[in-house]
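Trainee: I would like to go through the chain contacts here. Can we take them one interface at a time?

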Amino acid sequence: EMPAQMAAQLESSLLNCPDSLDADSPYLYRKQLSLPHPTSIFFPNEP
Amino acid sequence: FGLKALVPLVRQGDPEVASKYDHSMALGADLSSMLHSLGIPRDSKRQAVLATFQSPWAETSRSEVEPTFYIPASFLGIDEVLQSESTPPCFDSVQRDQQRVALFQDETLFYLFYKHPGTVIQELTYLELRKRNWRYHKTLKAWLTKDPTMEPVVSPDGLSERGSYVFFDPQRWEKCQRDFLLFYNAIM
Amino acid sequence: TETEKYFLVFTEWVKILQRVDVNDTVVLAFIQQMVDKGIISTSDSLIKFIKAALELSVLSFKQSDPTGEVFTAIDALGKLLVKLMVVQDFNEVSRADFTNMIFSVIMLIFSKDHSQNSSAFNERPYFRLLSNLFIEWSFARGRNFASITNKETRKELRNFDVEFYNIFASYLHSLQPFAFPAFCFAWVSLISHRMFLPVMLSLPKKAGWEKMLILIIDLFKFLDKYTKKDSVTDAVSVIYKGTLRIILGISNDFPEFLIENHYQLLNNLPCSYFQLKNVVLSAIPTKMCFPNPYNPTLQLSNLESCQECPSVFYDPINDLSTLKKPVDNYLRIPSNSLLRTILGSVFRSEYDVRNGVGFDFLSVDSKVVRAIVLHVGVEAGLENERTSSNAVFNPESSYYTLLYNMIHDGTAELKFQVIEVMVEQLRYPNIHTYWFNYVLLNMFTSKDFGDQIAEVQELILRCILERIIVNKPHPWGVSILTTQLLNQDEVNLLELEFIKTVPEIEKMLTLM
């Protein structure tokens, strides 16, 4: 039988399970490729 | 150790008997969807999957992860175009950076257009694509160009034309040909 | 306080990395200043600094807005640690010792957090840090450390690369679920990380295989301990699914790892995990093609691939200890006294509680049985290469007679275990599959078993059926033997008494 404390810790680990975003490459410094500029309202506004 | 031991695994219709073992581990499950989520195979070809493995669980693989990559020094020193001491990788002026953008392939222009909204480079790529006879469809939010092999038929009211066009699909990242009814006020 | 000073320095480091790229000269200048000012100039000060930096980073994670950038400090720490591993002059202390020191500090903070906070422990910042170490090292080692301009340093780093991964793997072993259950899901994610698992499996000369195998076995052992026959907790069920997915990935990218390590993997796989067992044993060498196993006219003797000896990474002979001599001597010259010795040595000193299908405990040491059977197979394969197939495809050969006698003279349990391991060797086309196929087919119809034949036949059928009633994949060799048993004329399966007593099996065989 799994000890109660271990079971609770396992549940907690499941809840906090890292996902692919957590495993992605870290970027602290990201130089902007391009300065902001007013563009058409019809252009996509989310990358 | 004999055959009777397998009965609970075989007689699945009888819950009392079948519940003796957890079938999810013993009999397992159809692995097709798990393999599909892993990308095995991809486009009918066997490709390595571990180098882009997002997470052990499909549920926590919500996004792509950056694989190992290496940028050779020669890519980092193309003067006047990409990145060098004199020309850092940024596009901040419509006037100054137009000729740099003219050197990019169509797909690079599409990438920059969709990746950097509300910036100078989005405007620059828009202008360059137009020069190459691509037009941006305001509702579809996609780029299209005329199929050179077919002449479209203009509608009597002159507001639209029906013809064959090459679209660039940003989701599938490929050009595809479609027959389409094009309204002139929908494109820019 | 000293710690507060370290907090300040580390905060400066984080700020710098938000302004410049980590390869900027400003970064190197900052590190140089840290050395000059005594912040990281001695082991003592380095340990204290990393301790402070990690504690601050974890605190920063806990206090950050969860929808915002929670890993800024952790990310900066990861970059610092790898930068230090790469740029320092290792005159007084080796790079390996330095790396071990860093990991030890991380372990210290981690285990303190895990034990003190228990249910409030959050694995994510530690996962992020370790993931970052993989990623940053991966960037450094790109194209064989081509980005390192100093020739001497580049050479040192190339020589250190294998050691780096093995050191990391050792610490991951210490972080296994048995030890730190609140880190379990992060741990499974780490051992399968895209910049760890495929790297470990492709290091030159298989240098990462041993430690990678240890980690996978850690996972299997955890699953084994907490898998009950009739149920598993949700958490264990999720761990199992993740494990299955990882093994499928390995089977696709590095099938040779599963092939050559199947012995060790099976020694630690939970008894009732039939599908995962099949996945491991269904691995096929990259680029190998093989004929349809359901073709009833297929002759294994015609297949060139069935003459090839499969590689075995870990020699099972290492697990035979005192049995090695008797087994090898028997294979040279069979004798009853050697057989008695072997039969007497396969039993355990205490029952092995196993959640098996049909059994709850074993008195025979399954690891020893597996070692003997695989060793016999390996030797038979080598003999086949050295002399001729007649020497081994022969019921008079010592290879055959040893297995025959173990079954004939053994308890029902021993019979079962020997047969089960033989069926395990029915894998992709190779000499072991071919030879064990021959042995099992021969035994199925052998008059030599006398009135034991029904028991032997039932056990063979049980071991085969438990592999094919399972969802796919099914190993090629198992499918072959199934087809052969269904199509052979010597024994009418449906007329066997023991089949008639189990209507469900009778029905299944009728359908097949």
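Trainee: How many residues of chain A and of chain B are in contact?

Mentor: Keep in mind that this is a predicted model. Count each side of the interface separately. Chain A brings 24 residues, and these touch chain B through 31.

Trainee: Which side chains meet in a salt bridge between chain A and chain B?

Mentor: The rule finds one salt bridge across this interface. Its N to O distance is 2.1 Å, and the cut-off is 4 Å, so the pair counts. The partners are A:Asp19 and B:Arg62.

Trainee: By class, what residues make up the side of chain A that touches chain B?

Mentor: That salt bridge is one of the charged features at the interface of chain A and chain B. The side of chain A divides by class into 13 nonpolar, eight polar and three charged residues.

Trainee: How much area do chain B and chain C bury between them?

Mentor: The contact takes 46 residues from chain B and 67 from chain C. On the chain B side, B:Phe1, B:Leu3 and B:Met25 lose the most area, together 20% of what that side buries. Carbon and sulfur atoms hold 66% of the total, which is about 4,700 Å².

Trainee: Which helix gives the most to the side of chain B that touches chain C?

Mentor: The interface of chain B and chain C has 17 residue pairs in polar contact, both at pLDDT 80 or more. α1 (7-10), α3 (23-26) and α4 (32-38) of chain B each supply at least two residues of that side. With four residues, the top contributor is α4(B).

Note on methods
Residues are numbered from 1 along each chain as its sequence is written. Chains are lettered from A and ligands numbered from 1 in the order in which they are written. This is a predicted model: local features need pLDDT of at least 70, side-chain atom pairs count only at pLDDT 80 or more; totals for chains, interfaces and linings use all residues. Side-chain values use heavy atoms; hydrogens and water are left out. Contact means heavy atoms within 4.5 Å. Ala, Val, Leu, Ile, Met, Phe, Trp, Tyr, Cys and Pro count as nonpolar, Asp, Glu, Lys and Arg as charged, and the others, Gly among them, as polar. Buried area is the accessible area (1.4 Å probe) that two parts lose on being put together, summed over both. A polar contact is a pair of N or O atoms within 3.5 Å; within protein, one must be able to donate a hydrogen and the other to accept it, and residues adjacent in sequence count only if both atoms are side-chain atoms.
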